[in-house]
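Here is a short briefing to read with the structure open beside you. Take the topics in any order you like.

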Amino acid sequence: MEDTKKPQSIELYLEDDEQTQALAEQFAALMGPERGAHAGGRIHLKGDLGAGKTTFARALLRACGVTGRIKSPSYALLESYKVSNLYFYHLDFYRFSKAQDWEDAGFRDILQKQAVVLIEWPEQAGTQLPSPDIELTLIHADAGRQAQLVAYSEKGRTWLTSLILPLPRSARDAAGCLPPPRS
Ligand SMILES: Nc1ncnc2c1ncn2[C@@H]1O[C@H](COP(=O)(O)OP(=O)(O)OP(=O)(O)O)[C@@H](O)[C@H]1O
Ligand SMILES: [Mg+2]
């Protein structure tokens with residue numbers, strides 16, 4: 001039976017890129033190599049140009065142990081990594097034409113059961129993609145971003161339940177809140 005107590009969606013405000021990264025780091029802990037047999041999952045990243053999708057993906061990959069340069073896949077469409085025995089696929093379909101078949105384009109690997117799959121601009125792949133565990137939409141709001149997280153699977157709902165919120169204020173911001181030094 002469906003557990004109705006688990007949230008289907010969460011909205012939160014990310015006041016700067018450090019908070020976007022902090023959210024990504026929590027997802028790294030939920031789906032990264034440390035999760036062993038439970039590792040892996042799929043996140044679709046939506047939002048306008050410059051909304052913070054790559055920022056989120058990079059921080060997640062980094063926190064999962066990816067070392068070296070993490071390129072935005074906006075030109076190559078796909079960047080892949082491996083940490084321990086876990087595969088990571090970071091895709092950006094912005095330049096992908098809806099008429100193309102992404103499976104024929106060589107993206108079949110992203111269907112692997114135990115992989116971390118992060119897809120920017122999934123809407124550009126039309127209806128061909130399997131649904132994600134989580135869809136994260138980032139929307140410009142004041143100086144920060146409004147984040148909408150929607151779960152499409154039991155795994156995604158469990159992740160939403162596991163998030164530790166509110167996110168810590170970023171160090172930059174916290175520094176501004178410190179009392180003045182004593183004289
Ligand atoms: N919560 C936030 N508040 C303010 N700025 C943010 C926030 N999160 C990320 N940013 C900044 O916004 C910019 C987003 O760039 P990023 O490349 O991540 O966007 P994108 O969504 O991947 O864009 P594109 O669609 O072009 O791939 C970066 O400069 C990043 O530092
Ligand atoms: Mg991007």
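The notes below go from the whole chain to its helices, its strands, the ligand shell and a few unusual backbone spots.

Please keep in mind that this is a predicted model. The protein chain has five helices and seven strands, and 37% of its 183 residues count as buried. Ligand 1 has 18 residues around it, and two of the helices described below, α1 and α2, help to form that shell.

**Overall build**

- Following the sequence, you will meet helices and strands in the order β-α-β-α-β-β-α-β-β-β-α-α.
- The C-alpha trace of the protein chain spans about 70 × 45 × 30 Å along its principal axes.
- A compact globule of 183 residues would have a radius of gyration near 16 Å, and the protein chain agrees with that at 17 Å.
- Looking at contacts between residues at least 6 apart in sequence, 68% join residues at least 24 apart.

**The shell around ligand 1**

- Which residues come nearest to ligand 1? They are L14, G52, K53, T54 and T55, out of the 18 residues around the ligand.
- Three elements each supply at least two residues of this shell: α1 (17-31), α2 (53-63) and β7 (144-151).
- By residue type, the shell around ligand 1 has nine polar, five charged and four nonpolar members.

**Helix α1**

- The 15 residues of α1 should span 21 Å at 1.5 Å a residue, and the end C-alpha atoms of the helix are indeed 21 Å apart.
- The buried residues in α1 are Q19, T20, Q21, L23, A24, F27, A28, L30 and M31.
- The cover over these buried residues of α1 includes the strands β1 (9-14), β2 (41-46), β5 (115-120) and β7, along with the helices α2 and α4 (154-162).

**Helix α2**

- Why is α2 described as largely enclosed by the rest of the structure? Because eight of its eleven residues are buried.
- Those buried residues of α2 are K53, T55, F56, A57, R58, A59, L60 and L61; K53 and T55 are also among the residues that come nearest to ligand 1.
- The buried residues of α2 are covered by elements including α1, β2, β3, β4, β5 and β6.
- After α2 comes G65, which has a positive phi near 105°.

**Strand pairing**

- β2 and β6 (residues 134-141) run parallel and are joined by four bridges. In this pairing, I43 stands opposite I134 in β6.
- β6 and β7 run antiparallel, with eight bridges between them. One of the partnerships here is E135 with V150 in β7.
- β6 and β7 form a hairpin with two residues between the strands, and there D142 takes a positive phi near 50°.

**Backbone spots to look at**

As background, most residues other than glycine have a negative phi, and most peptide bonds are trans.

- S84 has a positive phi near 55° and is placed in the loop between β3 (78-83) and β4 (86-92).
- Is S84 buried or exposed? S84 is exposed, because 11 other C-beta atoms lie within 10 Å, and the cut-off for exposed is 12 or fewer.
- W121 also has a positive phi, near 55°, and is found in the loop between β5 and β6.
- W121 counts as buried because it has 20 C-beta neighbours inside 10 Å, where the cut-off for buried is 20 or more.
- The peptide bond from L165 to P166 is cis, with omega near 0°.
- L165 is found in the loop between α4 and α5 (171-177), and P166 is found in that loop between α4 and α5 too.
- L165 is exposed, with 9 other C-beta atoms within 10 Å.
- Along the chain, L165 and L12 are 153 residues apart, yet their C-alpha atoms are separated by 9.0 Å.

How values were computed. Residues are numbered from 1 along each chain as its sequence is written. Chains are lettered from A and ligands numbered from 1 in the order in which they are written. This is a predicted model: local features need pLDDT of at least 70, side-chain atom pairs count only at pLDDT 80 or more; totals for chains, interfaces and linings use all residues. A residue is near a molecule or strand if its C-beta atom, placed from the backbone, lies within 6 Å of it. Ala, Val, Leu, Ile, Met, Phe, Trp, Tyr, Cys and Pro count as nonpolar, Asp, Glu, Lys and Arg as charged, and the others, Gly among them, as polar. The expected span of a helix is 1.5 Å times one less than its number of residues. Two residues are in contact if their C-beta atoms, placed from the backbone, lie within 7 Å. The radius of gyration is taken over C-alpha atoms; the globule rule is 2.2 Å times the number of residues to the power 0.38. Two strands pair if DSSP finds at least two bridges between them.
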